[in-house]
Amino acid sequence: MDIKRFERLDQNTWEIPAQGKMRVSAIIYADRDLLEAMDDKVYQQASNVAMLPGIVGHSYAMPDAHWGYGFPIGGVAAFDADEGGVVSAGGVGFDISCGVRCLLTGLVREDIAPRAEELADELFARVPAGIGSTGRIHLDRAGMDAMLTGGARWALDQGYGKPGDLERIEERGCMPGADPAQVSERARQRQRDEMGTLGSGNHYLEVQYVDAVHAADIAARFGLREGDVVVSIHCGSRGLGHQIGTEYLRLMATSASRHGILLPDRELACAPLRSDVGQSYLGAMRAAINCALANRQIITHLTRQAFDAVFPGCSLELLYDVSHNTCKPETHVAGGRKRELYVHRKGATRAFGPRHPDLPPALRESGQPVLIGGSMGTCSYVLAGTDASEQRAFGSACHGAGRAMSRRQARRQWQGRRIVDQLGSEGIRIRSPSLRGVAEEAPLAYKDVTAVVDAAEHAGLARKIARLRPLVCIKG
Amino acid sequence: MSEIQWEHLEHGADIGVRGYGADPAAAFARAALAMSAVVTDPDLIESRETVEVECEAEDYDLLLLDWLNEIVYQMATRNMLFGCYEVSIDDHRLEARLHGEAVDAGRHQPAVEIKGATMTELAVYRAGDGRWVAQCIIDV
């Protein structure tokens, strides 16, 4: 991207001034190298988002931004219903409430080493991964309605998890306002066999160890010390969320003109928050958020069973669960007053700072854990929201590395078997039903997550707390 | 020399599909084949079962979107892969027969599941050489 097209507000803040139909300016947080490497489409898409009715503040893009659907991936935008604000299916994405959760194991790296193969096999046998894999839970209509309304809280009631888990999940594990009546028959059908499944693509379950601590005080509050072993789970709302995204993207694209909205790009499909379509989507999308939370909760349960089989008596505690494809009502100060805004985060993570009322007591002084997934074989990060996060982008930060090359290029460059062997020689056990999938997810097919995380820290979006490296990776 | 029938488009995080044909129906069938090829090598998919589908839309663009999303739905709910598509289009109404088989992870090595077809780069048009082109980016 040509950086001369931006006004540089500070070292890591780049502005596209409001021009043409833009109602506000767009701001990209990145260092110079990341911005130069960023797709031109991010410029266009961040500008397009700034044209939507009722947008408040700025249209933001995070350091890992890349070409998305309507919104850039890594896009953040807040809308005020009182000012004709909209909700956008493209601004949430197909994988509604895709996210990451991190579990503390109480084990250290040395405990895992002699049992790593066995642990990898146990996890791979218990957690369904990849195309064609099915979960063991099949819900009837009433059961699915209860799941869509209750989220992780429903899962807990079914015996999947521990009471302490809930306060370590956004919205305490249950997104209010879900309306199962807005979830189509097709979306339900797609979810029929998929409860408690990991999915495929960039989704994974990893056993990792803390190999660097960047902020000892907060790391200690999070329960992270060098050498500690954790489990990170990255997945979303499975077929149900994908189908809801598909249906509402089309509906919003074709109904926008009826609401007097001129879409600069069809994929920016949206509807006024105060419209039938907008309300119906909010009800369905929130149900999909609950589906994702229930899904990660069930996978957590399966992970605990696998650990218990290898390390009897071992107790896995939830550090936190974040979603990075959402639209949620939140209270923010904008234009000098407190307002209820609908904050879209498409490939962006919430990053609430210390003393935010939504944080559980144990995390209130540290700020919210922000979980950033890297690629298989490289590293992941735990960050924390800061006091500055709120002012920068409505309390938001980056979400991951982003691809550096296409799946096809990756497949041409690497062979799955060789990657499994090479990572194995580095002490990283890979388990996957598809070697082609492994090749397409090769570590070097992704950008350097460290550069993204450093830029997020320098831009004041979040603070680096600890770096995690993989020991076992279950890939879909 | 035979002409190219389908291809993949580069997209940062995802992938695009493009089918070529003498008429819209042929281009739609080959765009579908390109989508199957995102998941696995279409030559590995045997035609053991047939699924019949139909869709209707306001224009060719939306018809392509609905068609590809119909296949995504059939793949997901039937746990199948399709390697051969017979398509007919009358006005903006499509009828098709999808031939394929149940997913066999060992044999098919399915790389990635498709979440949905998107409106990004969505286009159905007649190219300069007279052939029809049907394309869009799909989210994986």
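Two strands count as paired if DSSP finds at least two bridges between them. I keep this rule at the head of my notes on this predicted model.

**Entry 1. The sheet of three strands in chain B**

I began with a pairing in chain B: L81(B) has E101(B) in β5(B) as its bridge partner. I then looked up the two strands concerned, and found that β4(B) and β5(B), residues 93-102, are joined by ten bridges in the antiparallel sense.

I next traced the sheet itself. It is open, has three strands in the order β3-β5-β4 of chain B, and its pairing is antiparallel. I recorded β3 (49-56) and β4 (80-90) of chain B as the edge strands, each of which pairs on one side only. On average, neighbouring strands of this sheet are turned by 20 degrees against each other, direction ignored.

Which helices lie against these strands? I noted that helix α1 of chain B, residues 24-39, lies across β4 and β5 of that chain and runs at about 165 degrees to β4(B). Helix α2 of chain B, residues 60-78, packs on the sheet and touches β3, β4 and β5 of chain B. The direction of α2(B) makes about 145 degrees with that of β3(B).

**Entry 2. C136(B) and L68(B)**

I looked up C136(B) and placed it in strand β8 of chain B, residues 132-139. Is C136(B) buried or exposed? I counted 22 other C-beta atoms within 10 Å of C136(B); the cut-off for a buried residue is 20 or more, and therefore C136(B) is buried.

I then searched for what C136(B) touches, leaving out residues up to four places away in sequence. Among its contacts are G16(B), V17(B), L64(B), L65(B), L68(B) and A117(B). The run T118(B), M119(B), T120(B), E121(B) and L122(B) also touches C136(B). V17(B) and C136(B) are 119 residues apart along the chain, yet their C-alpha atoms are separated by 5.7 Å.

From the side of L68(B), I listed the contacts beyond four places in sequence: A31(B), A32(B), M35(B), A117(B), C136(B) and I138(B).

**Entry 3. The largest nonpolar core and helix α10(A)**

I followed L68(B) into the largest nonpolar core, which has 216 residues. The members that touch the most other members are L383(A), A456(A), F28(B), A31(B), L64(B), L68(B) and I138(B). Which element gives the largest share of this core? I found that it is α10(A), with 17 residues.

I therefore checked the length of α10(A), residues 276-310: at 1.5 Å a residue its 35 residues should span 51 Å, and its end C-alpha atoms are 52 Å apart, which agrees. Of these 35 residues, 27 are buried, so the helix is largely enclosed by the rest of the structure.

**Entry 4. Where the chains touch**

I counted 36 residues of chain A in contact with 27 residues of chain B. On the chain A side, the elements that give two or more residues are α7 (185-191), α9 (238-255), α12 (407-413) and α14 (435-440). Of the elements of chain A, α9(A) gives the most, with seven residues. By class, I recorded nine nonpolar, 15 polar and twelve charged residues on this side.

**Entry 5. Strand β9(A)**

I turned to β9(A), residues 228-235, and found eight of its eight residues buried, so the strand is largely enclosed by the rest of the structure. In a regular strand the side chains alternate between the two faces of the sheet. I accordingly noted the two faces: D228(A), V230(A), S232(A) and H234(A) are buried on one side. On the other side, V229(A), V231(A), I233(A) and C235(A) are buried as well.

Which strands pair with β9(A)? I found seven bridges to β7(A), residues 99-108, in the antiparallel sense, with G99(A) and C235(A) as bridge partners. Six bridges join β8(A), residues 204-213, to β9(A), again antiparallel, and Y204(A) stands opposite H234(A).

**Entry 6. The sheet of seven strands in chain A**

I closed with an open sheet of seven strands, in the order β1-β2-β3-β4-β5-β13-β12 of chain A, whose pairing is mixed. Its edge strands are β1 (7-10) and β12 (325-334) of chain A. Neighbouring strands are turned by 25 degrees against each other on average, direction ignored.

Within this chain, β2(A), residues 13-16, and β3(A), residues 26-29, run antiparallel and are joined by four bridges; E15(A) stands opposite I27(A). Helix α15 of chain A, residues 449-458, packs on the sheet and touches β3 and β4 (55-66) of chain A. I noted about 150 degrees between the directions of α15(A) and β4(A).

How values were computed
Residues are numbered from 1 along each chain as its sequence is written. Chains are lettered from A and ligands numbered from 1 in the order in which they are written. This is a predicted model: local features need pLDDT of at least 70, side-chain atom pairs count only at pLDDT 80 or more; totals for chains, interfaces and linings use all residues. Axes are lines fitted to C-alpha atoms, for helices over the stretch in contact, and angles run from 0 to 180 degrees between N-to-C directions. Two residues are in contact if their C-beta atoms, placed from the backbone, lie within 7 Å. Ala, Val, Leu, Ile, Met, Phe, Trp, Tyr, Cys and Pro count as nonpolar, Asp, Glu, Lys and Arg as charged, and the others, Gly among them, as polar. The expected span of a helix is 1.5 Å times one less than its number of residues. A residue is buried if 20 or more other C-beta atoms lie within 10 Å of its own, exposed if 12 or fewer, and partly exposed in between; C-beta atoms are placed from the backbone. A nonpolar core is a set of buried Ala, Val, Leu, Ile, Met, Phe, Trp, Tyr and Cys residues joined through C-beta atoms within 7 Å.
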